[in-house]
Amino acid sequence: GASGALAGRRVVVSAGGTREALDPVRFLGNRSSGKQGIALAQAAAQAGAEVELVAANVDSGLLAALPSSIAVTPVESTLDLQSAMQAAQPNADVIVMAAAVADYRPAEVHGAKLKKAGDEGMSLELVQNPDILAGLVADRIPGQFIVGFAAETGDADHPAHDYAVAKFRRKGADLLVFNDVSGNRAFGHDVTEVIVLAADGTEVVEVGEFSGSKDDVAQKVVSVIADRLPP
Ligand code: C5P
């Protein structure tokens, strides 16, 4: 079998950003490139894991560069992503939710391209999407290790770190990889800086602070995961 810190482990990573259709040609989306999630999938595979990458609108060139041992499940919307993650959950030792998920989607998906209505402007009704990570945590199978991501902005009075700690407590994951995206620093770039939070009893502790290429950071995060997995 494979050797490495994650040998024999099954890891599911979501990457990219969801798109919520408005009509056949338009969607609401976000700026996530999927690079960090792809780097994590690759680092997990390098550490010996069997990896599934659930890729939300990731550039096909990025996917083509992956080793064929990584199974790729392409998805588009948040509801698609949720179905893929729910399908993968029963067979996963580790789940990493690195995808940027839309919190809302249009209440109605129009079957035909929306026409311009006039000079009045228009408003769009949105409905809330499910929190996929929270659902995975609620349905966690025994021993399963669940990792969330958080991109936060902060200011002098409210440091991004405080928001990340609060989010970690709220989400109930085993690990939270947090980056400060004040000024849109992380999205689409090759270098990043993250703080990794973990639960230590009722305390939230910082278990690492990593910066460098997304590949370097992914390797560090994977080694933190491997160290914290149940035997
Ligand atoms: O609440 P926020 O979107 O900042 O949380 C980020 C984490 O939650 C990420 O791991 C993201 O993949 C996940 N998430 C999710 N479903 C949502 C929103 C976020 O799984 N609807």
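Trainee: In which strand is G208 found?

Mentor: G208 is found in strand β12, which covers residues 203–213; here helices (H or I, at least four residues) and strands (E, at least two) are DSSP runs, numbered from the N terminus. This is a predicted model, in which local features need pLDDT of at least 70 and side-chain atom pairs count only at pLDDT 80 or more, while totals for chains, interfaces and linings use all residues. Residues are numbered from 1 along each chain as its sequence is written, and side-chain values use heavy atoms, with hydrogens and water left out.

Trainee: Is G208 buried or exposed, and how does E209 compare?

Mentor: Buried means under 20% relative accessible area, exposed over 50%, and partly exposed in between, with a 1.4 Å probe and protein chains only. G208 counts as buried because its relative accessibility is 12%, whereas E209, found in strand β12 too, counts as exposed because its value is 53%. As for distances, the C-alpha atoms of G208 and V177 are separated by 9.4 Å, with their positions 31 residues apart along the chain, while those of E209 and A47, 162 residues apart along the chain, are separated by 20 Å.

Trainee: What is the phi of N57, and where does N57 lie?

Mentor: Most residues other than glycine have a negative phi. N57 has a positive phi of about 55° although it is not a glycine, and N57 lies in the loop between β4 (50–56) and α2 (60–64). N57 is partly exposed because its relative accessible area is 23%.

Trainee: Which backbone atoms lie by the side chains of S14 and S32?

Mentor: A polar contact is a pair of N or O atoms within 3.5 Å; within protein, one must be able to donate a hydrogen and the other to accept it, and residues adjacent in sequence count only if both atoms are side-chain atoms. A polar side-chain atom of S14 lies 3.2 Å from the backbone nitrogen of A99; S14 belongs to strand β1 (residues 10–16) and is buried at 0% relative accessibility. For S32, in the loop between β3 (27–28) and α1 (35–46), a polar side-chain atom lies 3.2 Å from the backbone oxygen of G16, and S32 is buried at 19%.

Trainee: Which residues are around the ligand?

Mentor: A residue counts as near a molecule if one of its heavy atoms lies within 4 Å of it. The residues around the ligand are M97, A99, V101, D103, P130, D131, I132, L133, G148, F149, K167 and K171. A99, whose backbone nitrogen lies 3.2 Å from the side chain of S14, is one of these residues.

Trainee: Which polar atoms of P130, F149 and K171 lie by the ligand?

Mentor: A backbone N or O atom of P130 lies 2.9 Å from a nitrogen atom of the ligand, and a polar backbone atom of F149 is 2.8 Å from an oxygen atom of the ligand. For K171 a polar side-chain atom is involved, 3.0 Å from an oxygen atom of the ligand. The elements that give two or more residues to the shell are α4 (132–138), β9 (145–152) and α5 (160–171).

Trainee: Where is S182, and which residue is 4.6 Å from it in space, C-alpha to C-alpha?

Mentor: S182 is found in the loop between β10 (175–180) and β11 (191–200), and T153, 29 residues apart from S182 in sequence, is 4.6 Å from S182, C-alpha to C-alpha. S182 is partly exposed, since its relative accessible area is 26%.
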